[in-house]
Amino acid sequence: MVAALLGALLLLLAAPCPGRLDRGAVFQPSFIRMSGPRANVLFLGNSSEVNFSLMLSPIDEETGKLQHSNCSGSRRAGDWNLNVTPGANTSKVTISLTRNLQLCLPNATDCCTTPLCVVETLQVLACCDSVMVAHLLIQAEIYANSSFIGNVSENATIIPNQAFQPLGSCPCDLTAGACDVRCCCDLECLPDLKQLFTGSCFPGVFGGDVNPPFDQLCSAKSMENTPDWFPFLCVQSSLDNTPFLGYFYHGSISTPSEPSFKIPLQTSPGRLFTGYRQGDPIMTEENDYFTVPQQSMAGQCVGNAPVAFLRSFDARCLTHLASYREGLPHGVRINSGTGDFIQQNVIYGTITDIDKFITKSENPPATEVPCKNVTFAEHYKLICKGKNIKEINVTVFLGSLCDGEILTQRFTVKFVSLNSTNETELSGNPGYQVGKPVRAANLSASDAFGSLKLWQPAGRGLCTSATYTPVLFGLDSLSGCMLEVGINEDCSLLRGNVTEKLNSLIQATHIGKRGNSNYSDLNDWVKIIRLDPYNSDASVSSGNLKGICSDIPANLNIRIIIADVGAVQGIPLQEILAVQISYSTVIWQFQCGLTCENPNFLPITASVQFIKVPAQPPIPLTRFQINYTEFDCDRNDVCWPQLFYPLTRFYTGEPYSQCLAKGLALAFLVLLAAITSNPWFQKVWNNSLV
C-alpha cells in the first residue's frame with residue numbers, strides 16, 4: 001500500500017501541471033489542411049490552467065524539418081489570430097486569417113499578387129507551466145477570391161449588346177495564334193492560306209455570317225421557289241432591324257385584375273340575370289361565388305371552389321381537428337338566375353355510424369384537446385327549371401371529432417329537374433351534360449334498368465368492402481381494388497373470380513345515346529361491344545408452376561366514343577356513338593415474405609376513356625393545299641391569303657390612315673395596269689393620237 005502511494009505521488013510531481021494527473025490532453029484533429037480563412041478544432045481536456053499559443057513554423061532548408069517550437073509564443077502570429085472558447089472538458093479552438101484575400105488590381109496594395117495567396121505552416125501549442133501538453137500542426141494553402149470588391153477599371157472590356165452586335169464575330173476561330181482550316185473569317189489566316197480553302201468555307205453563323213438577312217427581306221436572294229408575288233409583300237429594311245430582335249425583347253408582364261375563370265354574371269347592381277348556362281358559377285346575394293369544398297386535379301380538396309351550374313359532383317376530403325375549417329354559412333342566399341334570391345332549406349342530422357367517416361391516427365395526440373362538434377357530410381340538392389334555380393335543399397350531418405382522429409368529410413351537389421323524379425332523372429335533355437351519369441340499360445331482361453359503375457374503395461381497399469360510383473359522362477376515370485390471393489390459388493378459378501368482379505361493374509347490354517334516352521325506344525341506345533378476355537390453353541395452368549398464373553384479366557378498359565351532333569342556344573349537344581369493353585391480362589406471381597403463408601394482394605383496375613370524334617369527316621385538303629405548302633399560312637410567315645393584312649385593323653406597324661392610303665394607291669396602280677394592257681385601250685389611244 002505504501003509503495004502504491006509513493007508511485008502516485010511521484011506521478012503527480014512529474015506531470016506537466018503539478019498536482020494534477022495528465023489525462024492525455026490532445027487536439028482533435030491533430031493535423032489539418034486549411035483552404036479557407038478560418039478553421040475550428042477541439043481541445044480535449046481541462047483547459048483552465050493551459051496556455052495556448054500560435055507560432056509560424058518555418059521549414060529548415062537544410063534538414064527539411066520544422067524548426068523547434070517552445071511555449072513562449074502568443075495568440076497572434078503574423079496575419080493569424082487564435083481564439084479559444086473554453087468548456088468543461090472540451091474547448092473550441094479557432095484559427096483565423098486577418099489579411100485580405102482579393103486579387104490585386106493595378107496600383108493596389110494589401111492584396112494577393114498571385115492566385116495562390118497564402119502558403120504557410122502553423123503550430124498551435126497547449127502548454128502548462130512552460131511544458132507542452134499537446135500541439136496542432138496546420139498546413140495552410142489558400143487561394144485568392146475569384147470575385148473582387150471595388151470599382152471596375154475603365155480599361156475593362158465592355159461587352160456589346162448582343163442584340164445588335166454578336167459577341168463572337170467568328171465562331172469557327174477555335175485555335176489561338178493559328179489559322180483554322182475552312183474558317184475564312186479567321187484574321188490569323190494569311191491570304192495565301194485562304195486560297196487553299198476559299199471555296200469550302202464554313203457557311204452560316206459558324207462561318208462568321210452572324211447577322212444573316214432574313215427571308216422576308218427584298219434583297220434576300222437565297223429563297224428557293226420564290227413566288228411571283230414576293231416583291232409585293234417583301235420588307236425593305238436595313239439589317240439592323242430584323243425579326244431576330246424579337247428574341248431579345250424583354251417585355252413587362254401585367255397581372256390581370258381578375259382571373260380568367262372569374263367572370264361575374266352580374267357586372268352592375270340591380271341588373272337582372274338572363275339565366276345560368278351549363279358551367280357558369282352560381283352567384284350569391286353579395287355577388288360572390290357559391291362555394292362548396294371540391295377535389296382538385298391533384299386529388300387535394302379546395303375549400304372555396306365555386307359550384308358550376310348543372311355540374312354535379314361527389315367529393316371526399318380528409319381533415320383532422322387542428323386543420324378543420326368551417327365552410328360557407330348556410331344562411332347565404334343564392335341568386336336564382338333571374339335576379340331574385342332564394343334561401344337554402346337546411347335540415348340537420350346526427351351521424352350514428354361514425355366508423356364510415358372516422359379513422360384513428362397512427363400517431364397519438366400530442367395534446368389533450370377537447371372534442372368538437374363538426375360537419376361530417378353536406379348534401380346539396382338544387383332543383384332547376386331551364387336556366388334558373390327554383391329551390392335548394394341542404395342536408396347537414398354533424399358529429400364529434402376528437403384529437404388524433406382523421407375525418408373523411410363528404411360533400412355532394414346534385415342538380416335535379418323540377419319536372420323529374422328520382423326514378424326518372426335524366427342526364428341531359430336531349431344531349432348529355434358533362435358530369436352526369438351515363439345511362440345504361442339491360443334490354444335483354446324484363447327490368448330494362450342497367451348500371452355502369454366503378455369501384456370506390458374504402459378502408460384497406462379490398463374488393464369485398466368497396467362501394468360503387470356511377471360512370472360520369474365526359475370524365476375519364478380510373479379506379480381499382482385489391483383481391484386477396486393465396487399461394488395455392490387455382491389459376492382457372494382465379495381468372496373466373498377476377499372476370500366476375502370486373503363484369504359486376506357492367507350490368508347492362510346497351511348505353512344511352514342521349515341523356516334522355518327512352519327505355520322503350522331501341523333507337524335511343526347503342527349496344528356494348530364486348531371483347532372477351534383471352535382464354536389460355538387448358539394445358540397452361542398453375543399445376544406445375546405453383547404461385548404463378550398467366551393471362552389474368554386484371555384490367556377492364558371501357559372506351560366510349562362521343563361527338564357533338566348539334567347545338568341548342570350555343571350549347572353543344574353531345575351524344576354517345578359507340579361503347580367498347582376490353583380486358584388487359586397480366587402474369588400474377590406470388591411474392592413470399594418471411595413466410596409464404598400470408599396471402600398476397602392482386603390489384604384489379606377499371607378505366608373509362610371518352611374519345612371525342614368529329615360528327616362529320618373533316619374536309620379533305622385540296623390539291624393546291626397539298627402541292628403548294630409554301631402558301632399555307634400555318635407553316636409560313638408570308639402567304640397569299642394575308643395579302644391584304646396591312647389594310648386590316650389588326651396591323652399595327654403604322655397608322656391605319658397611311659395603310660389605307662397606300663392600299664388605295666396600290667389598287668389604283670393595279671387597275672391602271674389592267675386597263676392599259678387591254679387591247680381596246682391601245683386602239684382607243686391610237687385613234688386619239690390620229
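Here is a walk through two sheets and a few disulfides of this structure. Keep in mind that you're looking at a predicted model.

Let's begin with the sheet that contains strand E1. Five strands make it up, in the order E1-E3-E7-E6-E5, and this open sheet has antiparallel pairing. At its edges sit strand E1, covering residues 26-28, and strand E5, covering 76-77, and each of these pairs on one side only. If you follow E1 to its neighbour, you arrive at strand E3, residues 38-44; the two run antiparallel and are joined by 3 bridges. To pick out one of the contacts, find Gln28 and look across to E3, where its bridge partner is Leu42.

Now move to another open sheet, this one with 4 strands. Its order is E2-E9-E8-E4, and here the pairing is mixed. The edge strands are E2 and E4, the latter spanning 51-56, and each pairs on one side only. Going from one strand to the next, the twist averages 20°.

It's worth crossing this sheet strand by strand. Start at strand E2, residues 31-34, which runs parallel to strand E9, residues 131-143, with 4 bridges between them. Along that seam, Met34 stands opposite Ala140 in E9. Next door, E9 pairs with strand E8, residues 116-128, in the antiparallel sense, and this time there are 12 bridges. E8 and E9 also form a hairpin, with 2 residues between the strands; in the turn you'll find Asp129, whose phi is positive at about 55°. Last comes the step from E8 to E4, an antiparallel pairing over 6 bridges.

One residue helps tie this together: Cys127. On one side, Cys127 stands opposite Met132 in E9. Asn51, for its part, stands opposite Cys127 in E8. So if you locate Cys127, you can look from it to Met132 and to Asn51.

Let's turn to the disulfides, of which the structure holds 8. Three of them make a good sample. One is formed by Cys170 and Cys185, with their sulfur atoms 2.0 Å apart. The torsion about this S-S bond is about 80°, so the disulfide is right-handed. Both cysteines lie in the loop between E9 and helix H2 (191-194), 15 residues apart. How do they sit relative to the surface? Cys170 counts as buried because its relative accessibility is 15%, while Cys185, at 23%, counts as partly exposed.

Further along, a disulfide joins Cys301 to Cys317, again with an S to S distance of 2.0 Å. This one is left-handed, because its torsion is about -95°. Cys301 belongs to strand E11 (residues 301-302) and Cys317 to strand E12 (residues 313-320), so the link spans 16 residues and ties together distant parts of the chain. Here, too, the partners differ in exposure: Cys301 is partly exposed at 34% relative accessibility, whereas Cys317 is buried at 5%.

The third example joins Cys491 to Cys549, S to S 1.9 Å. Its torsion is about -80°, so it is left-handed. This pair connects helix H4 (residues 491-503), home of Cys491, with strand E27 (residues 548-568), home of Cys549, and the two cysteines are 58 residues apart. Both Cys491 and Cys549 are buried.

Two more cysteines are worth a glance before you leave. Cys384 counts as buried, with 5% relative accessibility, and Cys659 is buried with a relative accessible area of 4%.

How values were computed: Residues numbered from 1 in each chain as written. Predicted model: local features only at pLDDT ≥ 70, side-chain atom pairs only at ≥ 80, totals over all residues. Heavy atoms only, no water. Pairing = 2+ DSSP bridges. Axes fitted to C-alpha atoms, helices over the stretch in contact; angles between N-to-C directions. Disulfide = S-S within 2.5 Å. Buried < 20%, exposed > 50% of the residue type's maximum accessible area, 1.4 Å probe, protein only.
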